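Here is a quick tour of one chain, going residue by residue through burial, contacts and charge pairs. Have the structure open while you read.

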Amino acid sequence: SVIGVIAVGHDITQIKRVTAEQKREAADMARLIRCANAIIFGVDLQGRLTEWNNKVTQMTGYTKDEVLGKSLIDNFVVTESK
């Protein structure tokens with residue numbers, strides 16, 4: 001037979017509100033990067049492409065899907081500049 005019950009509650013309303021705001025801000029930043037009228041690309045510490053916006057695609061002809069994960073230096077920097 002049950003002798004007792006212990007329950008603990010925690011109001012997560014604020015956590016959910018902050019999380020939703022962070023998701024909105026991340027989506028806004030992603031849209032700004034994607035649609036910027038400037039070339040924006042990102043690389044990780046190993047020199048692999050992690051971001052590639054629409055302007056870079058327009059200028060190079062390479063889509064984001066084609067370049068993500070590839071080495072910037074090995075694939076997109078001319079030999080004379082390496």
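## Ser71 and its surroundings

Ser71 is buried, with a relative accessible area of 17% (buried means under 20% relative accessible area, exposed over 50%, and partly exposed in between, with a 1.4 Å probe and protein chains only). Before going on, a word on the source: this is a predicted model, where local features need pLDDT of at least 70, side-chain atom pairs count only at pLDDT 80 or more, and totals for chains, interfaces and linings use all residues. Residues are numbered from 1 along each chain as its sequence is written, and side-chain values use heavy atoms, with hydrogens and water left out.

Where does Ser71 sit? Look in the loop between helix H3 (64–67) and helix H4 (72–76); helices here are DSSP runs of H or I with at least four residues, strands are runs of E with at least two, and both are numbered from the N terminus. The side chain of Ser71 reaches the backbone nitrogen of Asp74 at 3.1 Å. That is a polar contact, meaning a pair of N or O atoms within 3.5 Å; within protein, one must be able to donate a hydrogen and the other to accept it, and residues adjacent in sequence count only if both atoms are side-chain atoms. Leaving aside residues up to four places away in sequence, Ser71 touches Gly47, Arg48 and Phe76, where contact means heavy atoms within 4.5 Å.

## Phe76, Trp52 and the core

Phe76 belongs to helix H4 and is partly exposed at 25% relative accessibility. Besides Ser71, its contacts beyond four places in sequence are Leu49, Trp52, Tyr62 and Val67. Phe76 and Trp52 are 24 residues apart along the chain, and their C-alpha atoms are separated by 13 Å.

Trp52 has a long list of its own: with residues up to four places away not counted, Trp52 touches Ile40, Phe41, Thr57, Thr60, Tyr62, Thr63, Lys64, Val67 and Phe76. Trp52 is also part of the largest nonpolar core, together with Leu49, Val56, Val67 and Leu72, which makes five residues. Such a core is a set of buried Ala, Val, Leu, Ile, Met, Phe, Trp, Tyr and Cys residues joined through side-chain atoms within 4.5 Å. In soluble globular proteins, nonpolar side chains tend to be buried together.

## A buried asparagine

Asn53 is in the loop between strand S2 (49–52) and helix H2 (54–60). Is Asn53 buried or exposed? Buried, at a relative accessible area of 1%. A polar atom of the Asn53 side chain lies 2.7 Å from the backbone oxygen of Ala38. Ala38 shows up again among the contacts of Asn53, along with Ile33, Arg34, Ala36, Ile39 and Ile40, not counting residues up to four places away in sequence.

## Charge pairs

Side chains of opposite charge can pair when their charged atoms come close. The structure holds four salt bridges, a salt bridge being a side-chain nitrogen of Lys or Arg within 4 Å of a carboxyl oxygen of Asp or Glu. Three of them are listed here, with N to O distances.

| Acidic residue | Basic residue | Distance |
|---|---|---|
| Glu21 | Arg24 | 2.6 Å |
| Asp28 | Arg31 | 2.7 Å |
| Asp44 | Arg48 | 2.9 Å |

Glu21 and Arg24 are three residues apart in helix H1, so about one helical turn separates them. Arg31 and Asp28 also both lie in helix H1, three residues apart, or about one turn. Glu21 is partly exposed at 33%, and Arg24 is partly exposed at 47%. In the next pair, Arg31 comes out as partly exposed at 42% and Asp28 as partly exposed at 35%. Asp44 is partly exposed at 22%, while Arg48, which we met as a contact of Ser71, is partly exposed at 36%.

## The surface and the N-terminal end

Ile39, Phe41, Val43 and Met59 form a nonpolar patch on the surface, with about 380 Å² of accessible area together. Patches are made of residues with over 30% relative accessible area and no salt bridge; like charges are joined within 9 Å, and nonpolar side chains (Val, Leu, Ile, Met, Phe, Trp, Tyr) within 5 Å. The areas come from the Shrake-Rupley method with a 1.4 Å probe, and for residues only the protein chains shown count as cover. Val43 lies in strand S1 (residues 41–43) and is partly exposed at 41%.

Finally, Ser1 is in the segment before helix H1 (13–35) and is exposed, with a relative accessible area of 99%. Ser1 and Gln22 are 47 Å apart, C-alpha to C-alpha, with their positions 21 residues apart in sequence.
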